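Colleague: Zoom in on one part of this model for me, please. Which residues line the largest pocket? I'd also like to know how that part sits in the rest of the fold.

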Amino acid sequence: MGKTVREIAELMGTSSDGLIKEKQRIRDEIKRQNIKVSKQGNKFLIDDSDVERIIGVLRSKTREENSKKNEEKEELLQKIKELQAQNDKLREDNQNKIEEANQISSKKDEEIRRLNKKIEKYADDFKELNDKQMQLNNQQQQLQAQILEQTKQLKDSQKKLLDSAEKSSQLQDKVDKMEKASLWQRITRKFE
C-alpha cells in the first residue's frame, strides 16, 4: 500500500496554510531521490518504505532549516539589541548635545543681554555727553559774545580814556601856560 503526496504532507503535521508549499517540497525530494511512483486510478502513490525515507529526510531538512532560522533569528535579535543599545546611546548623546546647545544658547542670550545693557548704558552716557557738549558749546558761544561785547566796551573805554587824557593834556598845557604867563598875559587873557 502507498500514500499520496497530500497524505505524506498531512503525516508530517503540515497545516492547511503551508500544504501547497510542503507538497512541492515532497515532490522535489521524490525527484531528488529518484523514487518510483505508481499510479492507481487518478492518484499517484508512493511506497510506504519510500514514504518513511522522504519523511525522515524532510524532517531532517526542516530541523536544519528551523535551526538555521533560529540561528538567524538569534543573530537578528542580537543585532536588534546592539542597534537598540546604539540607538539608546545615540539618543542619550543627542539629549546631551541638546542640553549642551541649550546651555550655550542660554549663555549666549545672557551675554547678548549683558552687552545690550552695556550698549544702552554707553548710549545713555553718549547722549548725556552730547547734551553736555551742546551746553558747553552754547556757553562758549555766549562767552565769546560776552568777550566781544566786553572787548568793544574796553575799546570804547580806551578811546574815551585817550580822549580824556588828550583833553587833560591840553588842559594841563593851558594851566602850564597860565602859570608861566606874565601878569599882562593874564590880564589880557592871551596865553599863546
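Modeller: Let's settle the residue classes before anything else. Asp, Glu, Lys and Arg count as charged; Ala, Val, Leu, Ile, Met, Phe, Trp, Tyr, Cys and Pro count as nonpolar; the others, with Gly among them, go down as polar. With that in hand, the lining of the largest pocket splits into five charged residues, four polar ones and no nonpolar ones. Keep in mind that this is a predicted model.

Here's who they are: Thr14, Gly18, Lys21, Glu22, Arg25, Thr62, Glu65, Asn66 and Lys69. Two elements, α2 (19-33) and α3 (48-180), each give two or more residues to that lining. The largest share is from α3, which puts in four residues. As for room, the space in the pocket comes to about 150 Å³.

Now for the surroundings. Going along the sequence, the pattern reads β-α-α-β-β-α-α, which gives you four helices and three strands. The radius of gyration is 65 Å, well over the 16 Å from the globule rule for 192 residues, so the protein is more spread out than a compact globule. If you're setting up a box, the C-alpha atoms fill one of roughly 200 × 30 × 25 Å along the principal axes.

The three strands make an open sheet, ordered β1-β3-β2, with antiparallel pairing. At its edges you'll find β1 (2-3) and β2 (37-40), each of them paired on one side only. And here α3, the helix from the pocket lining, turns up again: α3 packs on the sheet, where it touches β1 and β3, and its direction makes about 80° with that of β3.

Strand by strand, then. β2 pairs with β3 (residues 43-47) through four bridges, in the antiparallel sense. Within that pairing, serine 38 has leucine 45 of β3 as its bridge partner, and valine 37 stands opposite isoleucine 46, also in β3. The hairpin of β2 and β3 has two residues between the strands, and glycine 41 takes a positive phi there, near 70°. Over on the β1 side, two bridges join β1 to β3, again antiparallel; glycine 2 has aspartate 47 of β3 as its bridge partner.

Putting it back together: α3 gives the pocket lining its largest share, and α3 also packs on the sheet.

Notes: Residues numbered from 1 in each chain as written. Predicted model: local features only at pLDDT ≥ 70, side-chain atom pairs only at ≥ 80, totals over all residues. Heavy atoms only, no water. 1 Å grid on protein atoms, 1.4 Å probe; cavity = no way out; pocket = protein on both sides within 12 Å on 5 of 7 lines; lining within 4 Å. Points joined across faces, edges and corners; volume = space filled by probe spheres on them. Pairing = 2+ DSSP bridges. Contact = heavy atoms within 4.5 Å. Axes fitted to C-alpha atoms, helices over the stretch in contact; angles between N-to-C directions. Rg over C-alpha atoms; globule rule 2.2 N^0.38 Å.
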